Amino acid sequence: MTNLTFLTNYVDADVTYLINPADYIAVDLTNDYLIWTAGDAVVKDLMTHEPTSGELNAAASLIDAVNPVTVAKCLLMDYSHDVGGSYYTHLVKGMSENKRYVYCFSFDAATATEPQLEAWDTSAHATAVKNVLGLGTALNSFVKGVCTTVTLPGVGWAGASLAGASNVLLLNAGNGAILGGGALYANLKIVIPAAYATPAAETFVLTCRYTYV
Amino acid sequence: MVNLFEIVFDDNSTYSGGTLETTGWKDIPKKKIRSIFYLLPSKDYLCLCNYDKYYHMIEATQDIYGSAAIAVRLEYAYIMGKKNNRVTVYKIDLTNSNILKLDFAEDDEFISRLNNSFWK
């Protein structure tokens, strides 16, 4: 079986996992999670406690009447304090920026097809109709992704809208399967449309689909 | 343990596969395959024979973000046979045991983008 480790860069988003694995934190999928937030004086990099629901709500992104809003920060909530002592949160470096090595998908062996990133309502991977995923119109999804395995995403990258089975992000830039294991990269962002009519705190699921022999 | 597949070669020797997690497909001896008996979730066997080449893969998902994220889930198994530039694909849903039989040209994108090193 080919195993996937998902990691986030918390030091320097110009450095690969291969060159400096210490720049990355492996996400413990049982206890850790990502926080998409505008951030404030409480919800920030290097928190010394797990943020409460009230604190997260107070630091939520606000809908703008005129312009789309890109959620400003992505924090890794690192329950086990893997790095840096007693800190619970680490800012994901380079999220939404013109940076390559932000989210890393490390495979320990070959795959049979090209791994891809998908967005769904729930872990059932059956529907993609929440507000954040475009209410059933995938191109309206707030969740934008770009494969950065081969190249920089570019200044002000738009990215692909992720929702459901048809609007996915190929993680090897369309070059197919991973022949002998290795690391693939993506950058992500959440863009809230201007004057969006339905304020909400919604959850969704990002999943990586891959194959092995 | 019931093996995921049983292979009979042209020389009458056999090879047994492993599990969905450790299938043993990579370790199949380089010999001409006569037939594959593939274990279905229903415990029945699907028999593929008289193809020139065979392919097998498991499709998994790993949730990386979201509430109640499931770490790794095996969603589909694929067993395929290639003959005369056509590929017959059996897509087996591991969550509900449904089986979809598909037919592709060898140069179809789905087939041509497979990791070629795993054809047997």
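In what order do the four strands of the open sheet in chain B stand? In this predicted model, the order is β2-β1-β3-β4, and the pairing is antiparallel. The strands β2 (14–16) and β4 (45–49) of chain B stand at the edges; each has a single partner strand, so one side of each is left without a neighbour in the sheet. On average, neighbouring strands of this sheet are turned by 15° against each other, direction ignored. Within the sheet, strand β1 (residues 5–9) of chain B is joined to strand β3 (residues 33–39) of chain B by five bridges in the antiparallel sense. One pair to look for here is B:Val8, whose bridge partner in β3(B) is B:Ser35.

Chain A offers a strand in another setting. Five of the five residues of strand β9 (residues 143–147) of chain A are buried, so this strand is largely enclosed by the rest of the structure. From β9(A), A:Val143, A:Gly145 and A:Cys147 point one way, while A:Lys144 and A:Val146 point the other way. Five bridges connect β9(A) with strand β12 (residues 182–192) of chain A in an antiparallel arrangement, and there A:Cys147 has A:Ala186 as its bridge partner. Strand β10 (residues 160–161) of chain A also runs antiparallel to β9(A), with two bridges; A:Gly145 is partnered by A:Ala160.

Finally, the two chains meet. Contacts link 25 residues of chain B with 29 residues of chain A. The side of chain B that touches chain A comprises twelve nonpolar, eight polar and five charged residues. Strand pairing also crosses between the chains: β13 (residues 205–212) of chain A and β5 (residues 53–65) of chain B pair in the antiparallel sense over seven bridges. There, A:Cys208 stands opposite B:Gln62.

Conventions: Residues are numbered from 1 along each chain as its sequence is written. Chains are lettered from A and ligands numbered from 1 in the order in which they are written. This is a predicted model: local features need pLDDT of at least 70, side-chain atom pairs count only at pLDDT 80 or more; totals for chains, interfaces and linings use all residues. Two residues are in contact if their C-beta atoms, placed from the backbone, lie within 7 Å. Ala, Val, Leu, Ile, Met, Phe, Trp, Tyr, Cys and Pro count as nonpolar, Asp, Glu, Lys and Arg as charged, and the others, Gly among them, as polar. Two strands pair if DSSP finds at least two bridges between them. Axes are lines fitted to C-alpha atoms, for helices over the stretch in contact, and angles run from 0 to 180 degrees between N-to-C directions. A residue is buried if 20 or more other C-beta atoms lie within 10 Å of its own, exposed if 12 or fewer, and partly exposed in between; C-beta atoms are placed from the backbone.
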